[in-house]
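Reader: I am new to this structure and would like a close look at one part of it, with the terms explained as they come up. Please begin with a strand and its partners, and then go on to the side-chain contacts elsewhere in the chain.

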Amino acid sequence: MTMSGSRRFLALGRRLLVLAIFALFSGFVSAATYYVSSSAGNDNNNGTSDQTPFASITRVNQLSLAPGDRVLFRCGDTFRGPALVLTDSGASGNPITIGSYPDTGCADQPLLSGAFPVSGWSVFSGNIYVADLNSGGNSGLFPNGLNQLFEGDARLPFGRWPNRDAGDGGFSTVDQAPSGTQITDNQLPTNVNWTGAIAHIKAIRWSITNREVVGHSGTTLQLGTATDCYQGCQDWGYWLSNHLATLDSEGEWYYDASANRVYLYSAGGSPQGIEGSAVMESQGGSIDWGLVVLGDHLRGSLSYVTVDNLHVTRSFEHGITTPTNSETQEPQGLILRNNTVSDCDGIGLNLAVWAWNLGGNSGWRGGTNLTVENNTITRINHMGINLYSRDSLFRGNHVSDIALIDNLGASGMGCGLTGSQGFCTEFGDGVRIKLDNPTFTAFGNTFEHNRIERTGYCGIDIFGRENIIRENLFLETCYSKGDCGAVRTFGQSPIQSSPVADLEIRNNVILDTLGNTDGCRAFFDPPFGIGLYIDFFSRNVLVDGNTVAGSTIDGVLFQNSSGSVSNNTLFNNNTGTMERGQLYLEHGPTQLTQVVDNIFYGQNERARTISTDSFSRVLASDRNAFFNPYNDRHILGEFATRTFQDWRNQTGFDSNSITNDFNLSPGDEPLGTLFVNGGNQAESVDLEGVIYRNLQGEPVTGSLQLAPYSSIVLIDTGESAPGAVLSGDTTICAAESALLTVDLEGVGPWSLVWSDGASEQNINATPHARTVNPSQTTTYTLTSVSDSRGAGGVSGSATVIVGTADPLSISPLWLAAGVLPPRFTAAIPCSADVSGLTWQYNGQTVATDTNPFDMMDNQAGAGTLTIGVTTTNMGTLNAEAFLLVAPTPWRDRNGDGCNTSADLHLAASQWGSDLSGDPSGNGRVDVLDLLYINTSGDCNTPRKSDTVFIRTASR
């Protein structure tokens, strides 16, 4: 190439680069924002400003969106059907965003609801009312019927027999099963033809199946499909629903599909404020199955789309979901954050799409490189989150009240009406990581900082490899079914090639895995909940740093599985009636490479520390704590109970491990106490004056600092640490003295250190008095207290106001209401002979004869505070101050419980921004809002976090 040709080539290259950059920049600049408001919009608007918004989801579904575009729904508005179907993709680094305005994080999230009002109620019979969904105001709203009913904020119970309070959790018992399609119950009401009802049958501890009743004769029901109860249905429980005869309690309802009518039991008269979840079979020519659909059914999946701060509720099926099918793609780069999904009859968040045109690789997909964070998924009937995803992050989500029996409708937990779904084991999971082709599904996901509570079946159910479950909080999982775990893994035989392998389960807090067995036959009736359930050929599962407490059968179970157990605290597991416990190992090829640095602590005589059917299950064990003060033979090894020393002798392990050095009798109050922090912030725990010792025998008093997702086991010694409470607010004149009072607890003599540097020793009596002579107004506190056994806790204060000859005054002259009642102090002239004083707020007396005065923090609005002092020598003296109270409570801005300049700085950083719920109510942070912040420095007494738990009882 010649030099001139080279220059031309370079010049052309520069022009092309400039054009490429211009095109890219233009793409960003041309991004559009569309606004949608059901209260102020019109679909004939252009939608491109908050002054000209669209009105409906139907209009949004007509948009063609490009990378960088945004669709914002107005905070506080409600959008009722159809589904929001997203079919356009963004680009990496330039997503399409679906969100909210004017505040991207408003608390009154835009509501996408699948429910419509039900009106036109008339008396059917007695307290039962009926509404025709084909007529009046209901016409056109429910063409396919409804499957959930709500009154205001409450979900109404689907009619059932027997009622939930009838015993055994509301299950009746099958007395006979003459054939696979027949069940006989001698308690069944015979004056009702139960044809058309749905029987929900407990088939085994972990399954509730559904069968349609197609015939009825006496006490025998004929089922449309054969049942598959374990060893036959005799003695298993069931209940009936989907029948008019079930309506006998307040709020119960039934839907008659043939007539498109809904019936409701209402003893208080004609129902008001009723909504129903409309069944939507098809929207826009595609099967949607949810209220927000991520993709184009049968065609393309979605990539690089963000859905942020929506409330999706009352769906007849799923909340946020992929479509049923995709041709060749799967979701990629989706961000689902800060959303609320509630009261759906199907799955809250469903990431499962069938890629149908990939030849031999066709199958289920869940997407890759997804971020699902800070969402709330609650009151869902079938499953919280269902995913086939890989290499994705699930963080900070709150999943609760999944598949609760009280909420279930005709579809129960989602198990179909035929036998094709088997035991329907996994329905009721909080989160299911489902496997299809191991090359494309269920691996590389991280779950962290999630809170999962009250799930019908497992909290997290894992069927794939290389998933990380760390720093999550699990509460009351296995709430509706049994033989399940807060975290369960389930592989395939043989273990060497199992797709469930190389899992990390670290630093989780797991409390009260219930294992509900209502409706079970007698042999299966004991509660059966397991904290960490490592099951069925799961390979190389690392269990490290977890706290597991209150499981009804096992803290950690390895069954046909391998891995290691280290640094865990397993406390008070086996709270049920079986003889299991903290760590249970059984069945080949179960083997742990190491069991080290764990605490195994039983709180009843039945609880084992370790149970194993073979000593060969453990290859190494040391530095553990084996504690059960109720039973020295707390180890079950090869079908014999053994002491800790027996275990050492038999295995040669645990030379550096310890066991309990005290004993209790059955029925004695347990002394072991578990302190747990189940949140992602460090917490301080006040030991409230109790003297504890750790498992090594060292005393622990005062307070604890618990790191996130950590715990400690302490032994209650029955003794109390010293304590000191200071009081003595008073007013004096210059050169006078004041008397401060300290109430002491503990065993004298005591020592005190004061905030002014004074120190007192060898105090032998309580209460203790100290005389002070301050030259100016001073607030005294205690720095420390100790007795013969050690240090304790101090509280209280005493403010000594030193008066002057100046006129009566009140300070400060104004205050904003903050996290504490505002405090005002009167300065009374020392020359005054005071006979009384009165505090008034807006002319109403609020206190007498008290100084300083804490305003009760319940003022409805701003006002004037007046103090009047009556004297015998100076007449009546008056002074005024002003209290500023925000129309909308704002107060402690940064949530630290204090009124400080930090709150002012935070508010100032939001200056000029749109913010719904600001104090002045104008929707924007301005100077008036800043005046409402009290920066006095006062702090609330530190509260115990709702994620800090203290456990002692053995249940």
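Author: Two strands are said to pair if DSSP finds at least two bridges between them, and the strands themselves are DSSP runs of E with at least two residues, while helices are runs of H or I with at least four, all numbered from the N terminus. The model is a predicted one, in which local features need pLDDT of at least 70 and side-chain atom pairs count only at pLDDT 80 or more, whereas totals for chains, interfaces and linings use all residues. Residues are numbered from 1 along each chain as its sequence is written, and side-chain values use heavy atoms, with hydrogens and water left out.

The part to look at closely is strand β64, which covers residues 690–694 and has five of its five residues buried, where buried means under 20% relative accessible area, exposed means over 50%, and partly exposed lies in between, with a 1.4 Å probe and protein chains only. Val-690, Tyr-692 and Asn-694 point one way from β64, while Ile-691 and Arg-693 point the other way, and all of them are buried.

Strand β64 has a partner in β67, residues 710–720, to which five bridges join it in the antiparallel sense, and in this pairing Asn-694 stands opposite Leu-714. Strand β65, residues 699–700, is also antiparallel to β64 and is joined to it by two bridges, with Tyr-692 facing Val-700 across the pair. The two strands β64 and β65 form a hairpin with four residues between them, and Gly-697 in the turn has a positive phi of about 90°.

Parallel pairing can be seen elsewhere, for strand β1 (residues 33–36) and strand β2 (residues 70–74) run parallel over four bridges, and Val-36 stands opposite Phe-73. Strand β2 is also joined by five bridges to β5, residues 96–101, again in the parallel sense, and there Arg-70 is opposite Thr-97.

An open sheet of four strands follows the order β8-β9-β21-β20, with antiparallel pairing. Strands β8 (122–125) and β20 (253–256) stand at the edges with a single partner strand each, so one side of each is left without a neighbour in the sheet. The partner of β20 is β21, residues 261–265, reached through four bridges, and in this pairing Tyr-254 stands opposite Tyr-263.

Turning to the side chains, a search of the whole structure finds 28 aromatic pairs, a pair being two rings of Phe, Tyr or Trp (its six-membered ring) with centres within 6.5 Å, called stacked when the planes are under 30 degrees apart, edge-to-face when over 60, and tilted for the rest. Among them, Trp-354 and Trp-364 are edge-to-face, with 5.4 Å from centre to centre and 85° between the planes. Trp-354 is in strand β31 (residues 353–355) and Trp-364 in strand β32 (residues 363–365), ten residues apart. Trp-354 is partly exposed with a relative accessible area of 31%, and Trp-364 counts as partly exposed at 27%. The rings of Phe-394 and Phe-447, by contrast, have centres 4.6 Å apart and planes at 10°, so this pair is stacked. Phe-394 lies in strand β36 (residues 393–395) and Phe-447 in strand β39 (residues 446–448), so the pair ties together parts 53 residues apart in sequence, and both residues are buried.

Strands β36 and β39 are also linked by a salt bridge between Arg-395 and Glu-448, whose closest N and O atoms are 3.5 Å apart; a salt bridge is a side-chain nitrogen of Lys or Arg within 4 Å of a carboxyl oxygen of Asp or Glu. Arg-395 counts as partly exposed at 29% relative accessibility, whereas Glu-448 counts as buried at 10%. A further salt bridge joins Arg-623 to Asp-597, with the closest N and O atoms 2.8 Å apart. Arg-623 lies in the loop between β57 (621–622) and β58 (625–627), and Asp-597 in the loop between β54 (591–596) and β55 (599–601), so the pair ties together parts that are 26 residues apart in sequence. Arg-623 is partly exposed at 45% relative accessible area, and Asp-597 is partly exposed at 29%. Glu-373, Arg-395, Glu-448 and Arg-470 are joined into one network by salt bridges that share partners.
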